[in-house]
Amino acid sequence: MTNEMFKKEAFKKSVKDNVKFLYRKTIEEATQEQIFQAVSYTVKDVIIDNWLETQKAYDEQDPKIVYYMSMEFLMGRALGNNLINLCGYGEVKEALEELGFDLNCIEDQEPDPALGNGGLGRLAACFLDSLATLNYAAYGCGIRYHYGMFKQQIKDGYQIEVPDNWLKNGYPFELRRPEYAKEVHFGGYVRAEYDAEKGATRFIHEGYQAVKAIPYDMPITGYDNDVVNTLRIWDAEPIVDFELDSFDKGDYKKAVEQENLARNIVEVLYPNDNHYAGKELRLKQQYFFVSASLQEAIAKYKKKHDDIHKLYEKVTFQMNDTHPTVAVAELMRILMDEEGLGWDEAWEITTKSVAYTNHTIMSEALEKWPIELFSRLLPRVYQIIEEINRRFIAEIQAKYPGNYEKIKKMAIIYDGQVKMAHLAIAAGYSVNGVARLHTEILKNQELRDFYEMMPEKFNNKTNGITQRRFLLHANPLLADWITEHIGPDWITDLSQLKKLKVYADDEKALQEFMNIKFRNKERLAKYILEHNGVEVDPHSIFDVQVKRLHEYKRQLLNILHVIYLYNQIKMHPEMEFYPRTFIFGAKASAGYATAKKIIKLINSVADVVNNDASINGKIKVVFIENYRVSNAEIIFAAADVSEQISTASKEASGTGNMKFMLNGAPTLGTMDGANVEIVEEVGAENAFIFGLSSDEVINYENNGGYDPNVIYNTDEEIRQVLMQLINGTFSSDTELFRDLYDSLLTNKNTDRADRYFILADFRSYADAQKRVEEAYKDEKGWAKKALLNTACSGKFTSDRTIQEYVDDIWHLDKVIVRKK
Ligand code: H53
């Protein structure tokens, strides 16, 4: 596919002009970064026309709009992705070559807009891509953090966090829209006033601090359909209309406070994934973007419609985790206090407009705000939540008379806390989990009482990923090969990949498939050499675990197994062993001490193993610094083995697992999250499954856990591995890894020993790893497994996920921007 807009000569001229106007330079004088800016502005020109066309089509066709409300959008770089979706990648690559530039290098100049932590934020980005590609009207609503996810450096094996000043040179793919600014209010108090005319009490919020929310729009291009949707992220500015000399002291103080509030609120993304820290500023961020987004959605609706009662026919709000669920009460506030509706009318509209996605069962991730903090920061919103809670409890009582257990378990306000998930479930018209197993656990365990009371709300939407970024852009060799064999329809219909199954026994095809894998491994090896200074052999098995660092994801199990293999090789030097490169990539939340210690351990093991000449390079361990969307694209394409080894029941879905599968890497994993569905699609013989089942884990947990010391006492090899954490093998400081050792063996006040069942699953994991090795030695057999993984990955496109959201939850109509 090519795009008329990217005719080479016109493109080159435009880039030259942009360099001239932006920097007063010729193309020869410009830096690579300046070329990136100039190219991006040229691409943006093309996008803007489509953006206007899309807006026009939406105005004319007046479709229902989904507002995807999310604290995080982990977008990754935009330039390459936009070129792919505009079908201009090839043309632009050639045009730049003629100018003497390499598009890949130009792409590398772009900062990675990292406005998210991990899976949840990247899912939101994939969803936006699919919504635009499937011709649905959608806005992403979020925050324009000035500092996104920190950059990770590894010094002495330790993680160092460096601020990510992604806006430093200006970001070409954003548009400031001051004309849509909104005001958001914090603090103050609520005054009740009787309105005699209406015969009703009005509530007036006074004495608050105000912040101005300014939207910045980023274009979201659909694939080859001229649709450009919008990611609207809000920045904060102080409301400065004061003259200093006319201010008395009180006002001055308030003005300074308001200014500080505005400065702080969008400064930085909290680097916690799957963990709630209860920080006041975090609640401010949440309310800030939710309020601004809702105000904007309602203003937009009112431009075209005069009956606010029918809002839900044209607008729906999807709340991504509990983070934006204050939307429930804020929508009630706007409808009552600003639109003048009564409670019942407002509640009917709200409960038909908001839907909630749960992404985790980890109890430490569920947001519960102390009522003291909440009511001080958002007094009117809190008042509304109290009333929602009062009515909800009355409903519980009506259904279960005299059953106070039910109230304790389901109340929105309890034990001095506001429970955001409960608010979202009470108000939402849909509650969904993100993989089949996860949704079942929600229904049968975590949210059982809610499910019993309102089963009709619950549904599953198994996550997905966009093949445009994670195959077409990330793995051009494989993408071309697939297109040669089955045509290009897979780009917008991933189920087409199943046509590749006919090649599962075709030797030539298998050979080509593995040659591509090899070339991708060489590309990654080059990246690792340049960025980590470690030489790895692309003939070895590339065994990869890249994801956030979290105890439940069990990077510790992986590295303990590496130690175990190292011991085996040392003890039996003659033993047959297929060379393996263990590749890790993971950021740890800045305040998560255990996670950071595990990073240190991985690097310490790497130091010893990589420098031990006696093992002849049979094992290499590499920790890739600063894992992020842009290097992920290189890593997935090069993986032989996909490590998905979370404690069963803990990983809600996982989405990295899908990216590996798409790129032809079999899963080595537990029956957790979406792994279950991956195995169902590809067949158990094409995956390596081990470990306790989620039922077994939950059973242990409900009955006081298990005793890892039994394993420690009876399994010598495991004991040896654990002892090496504290006997100086990997650090002259024998206390360095003591905490990790203890966490596996000793009960602490609140935590049971080995909470994540590492020792329980160790043997079964080691066996599965052995099976991987055996399977890899059979070249043809392995190639077949790898190819079948790609061929069977069709289900895991976010296009499928989005279509399910549309059919079952949002009920949107397609909008045609251009006849194809
Ligand atoms: O969301 C992903 C899942 C993954 C889950 C992740 C997630 C976060 O990244 C952050 C908070 C949260 O509650 C959940 O851990 O299993 O694939 C997208 O659904």
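**Exercise 1. Find which residue just after helix H25 takes a positive phi, then describe the buried side of this helix.**

*Solution.* Let's start at the end of the helix: just after H25, Gly683 has a positive phi of about 90 degrees. Keep in mind that this is a predicted model.

Next, step back into H25, which spans residues 675-682. Its buried residues are Asn675, Glu677, Ile678, Val679 and Val682.

Finally, look at what these buried residues pack against: the partners include helix H16 (436-446), helix H24 (656-662) and helix H31 (779-791). Strands take part too, among them S23 (641-644) and S24 (667-669).

**Exercise 2. Work out whether Lys587 has a salt bridge, and name its polar partner.**

*Solution.* First, locate Lys587: you will find it in the loop between strand S21 (580-585) and helix H22 (593-610).

Second, check for opposite charge. Lys587 is buried, and its nearest side chain of opposite charge, Asp164, is 7.4 Å away. A salt bridge needs a distance within 4 Å, so this pair does not qualify.

Third, look for a polar partner: the side chains of Lys587 and Asn626 share a polar contact of 2.8 Å. Beyond its sequence neighbours within four places, Lys587 also touches Met149, Phe150 and Tyr627, among others.

**Exercise 3. Find polar atoms beside the ligand's oxygen atoms, and say how much of the ligand the protein covers.**

*Solution.* Begin with Gly654, where a polar backbone atom lies 2.8 Å from a ligand oxygen. Then try Tyr552, with a polar side-chain atom 3.2 Å from an oxygen of the ligand. To finish, the protein covers 97% of the 430 Å² of accessible area that the ligand has on its own.

Conventions:
Residues numbered from 1 in each chain as written. Predicted model: local features only at pLDDT ≥ 70, side-chain atom pairs only at ≥ 80, totals over all residues. Heavy atoms only, no water. Helix = DSSP H or I, 4+ residues; strand = E, 2+ residues; numbered from the N terminus. Buried < 20%, exposed > 50% of the residue type's maximum accessible area, 1.4 Å probe, protein only. Lys, Arg positive; Asp, Glu negative; His and termini not counted. Polar contact = N/O pair within 3.5 Å; in protein donor to acceptor, adjacent residues only side chain to side chain. Contact = heavy atoms within 4.5 Å. Areas by Shrake-Rupley, 256 points an atom, 1.4 Å probe, with all protein chains shown as cover.
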